[in-house]
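Subject: Structure handover

Hello,

Here is the structure we discussed, for you to look at before you set anything up. My notes are below it.

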Amino acid sequence: MRVSFTLGFTAAALLLLAACGGNPPDPAGSTAPPPPRDERNAALREVGVDVPARGKFVVVNIPSFELIAFENGTPVLRSRVVVGRKATPTPELATAIAAVKFNPSWTPTPAMVRWEGARFMPPGPHNPLGRVLFELDNDQLIFMHDTNDRSYFDKASRAFSHGCVRVEQARELAAWALDMTRPEIDAAIAAGATRRVPLAAEIPTRLVYRTRFPDAAGRLVDHPDVYGRGTVAQAAGGHEGAEHCSAAL
């Protein structure tokens, strides 16, 4: 059974997006219809993101701290995310979600052990990766995941990670990616065992850095240059984020 989701932001998410700068989108509950798909996707193409007309697709925009999941060219899920801080930035990537892992363990990098005193964490409620991890096809140790500390999602500026992407609606994203229901996802997590589920077909995923990006109404909104790339080369720091991102087992 396929799972469906409510489109658009919650009121809190809208307020946070408005706080990032530019013209705020319409308040939640607005009777204004969403922009036509062609118009909305044309705005995305204007900032260099080409949404495929068929199949599933995910884009994470780093400066707006958000993830959008598309199916057949239409957004089906929008989620707030936490991205890498300036010292350990999330790199731009053209990648794909290959599998979903339930109840992952967490192994810090040597740098995190040396400088932060981090230690291996078994699966469970205190694991920094939370209960769901999305494996991304890349060689930089970058992936998307749940988190055990959800307080950062309430902040307007959400650049706090070691480079990986923390997803507020991780369980909903997993249900959509695996064509499962939310109760089925909850049951897989409640089982407690670490379990890796490959996707039937990989989902193309792009991590992009666009300080001008369409909001839920399809209007281009300006966002802070969180990594200072107005004066720094676009490629700067790409591997630095990977060096500090934690590993999952």
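The notes go from the chain as a whole to its cores, one helix, two backbone outliers and the empty spaces.

Overall
Please keep in mind that this is a predicted model. The chain has 249 residues, and 50% of them are buried. Its secondary structure consists of six helices and 13 strands. Taking contacts between residues at least 6 apart in sequence, 67% join residues at least 24 apart. The exposed surface of the chain comes to about 11,200 Å², with carbon and sulfur atoms supplying 55% of that area.

Cores
The largest nonpolar core holds 40 residues, and the members that touch the most others are Phe102, Phe134, Met144 and Leu173. Helix 4, residues 170-178, gives this core its largest share, seven residues. There is also a second, separate core of 10 residues, including Leu44, Val47, Phe70 and Phe213.

Phe134 is a useful place to start in the larger set. Leaving aside residues up to four places away in sequence, Phe134 touches Ile97, Ala99, Val100, Phe143, Met144, His145, Ala170, Leu173 and Ala174. Among these partners, Ala170, Leu173 and Ala174 are buried residues of helix 4.

Helix 4
How much of helix 4 is covered? Seven of its nine residues are buried. They are Ala170, Leu173, Ala174, Ala175, Trp176, Ala177 and Leu178. Asp179 comes after the helix and has a positive phi, near 55°.

Backbone outliers
Asp179 is not a glycine, yet has that positive phi of about 55°. Asp179 sits in the loop between helix 4 and helix 5, the latter covering residues 182-190. With a relative accessible area of 35%, Asp179 is partly exposed.

Asn72 is also listed here: it is not a glycine, and its phi is positive at about 55°. Its loop runs between strand 2 (66-71) and strand 3 (74-84). Is Asn72 buried or exposed? Its relative accessible area is 31%, which falls between the limits of 20% for buried and 50% for exposed, so Asn72 counts as partly exposed.

Cavities
The structure holds two cavities of 30 Å³ or more. I looked at the second largest, which has a volume of about 30 Å³. Which residues line the second largest cavity? They are Arg40, Leu44, Ile68, Phe70, Arg78, Pro214 and Asp215. Helix 2 (37-46) and strand 2 are the elements that give two or more residues to this lining. By class, the lining has four nonpolar and three charged residues, and no polar ones. Leu44 and Phe70 in this lining are also members of the second core.

Pocket
The second largest pocket encloses about 310 Å³ of space. Its lining is made up of 20 residues, and those nearest the centre are Trp106, Pro128, Ser161, His162 and Arg166. Helix 3 (110-116) and strand 8 (159-161) each supply at least two lining residues. The lining of this pocket divides into nine nonpolar, seven polar and four charged residues.

Regards

Key
Residues numbered from 1 in each chain as written. Predicted model: local features only at pLDDT ≥ 70, side-chain atom pairs only at ≥ 80, totals over all residues. Heavy atoms only, no water. Core = buried A, V, L, I, M, F, W, Y, C linked by side-chain atoms within 4.5 Å. Buried < 20%, exposed > 50% of the residue type's maximum accessible area, 1.4 Å probe, protein only. Helix = DSSP H or I, 4+ residues; strand = E, 2+ residues; numbered from the N terminus. Contact = heavy atoms within 4.5 Å. 1 Å grid on protein atoms, 1.4 Å probe; cavity = no way out; pocket = protein on both sides within 12 Å on 5 of 7 lines; lining within 4 Å. Points joined across faces, edges and corners; volume = space filled by probe spheres on them. Nonpolar A, V, L, I, M, F, W, Y, C, P; charged D, E, K, R; others polar. Areas by Shrake-Rupley, 256 points an atom, 1.4 Å probe, with all protein chains shown as cover.
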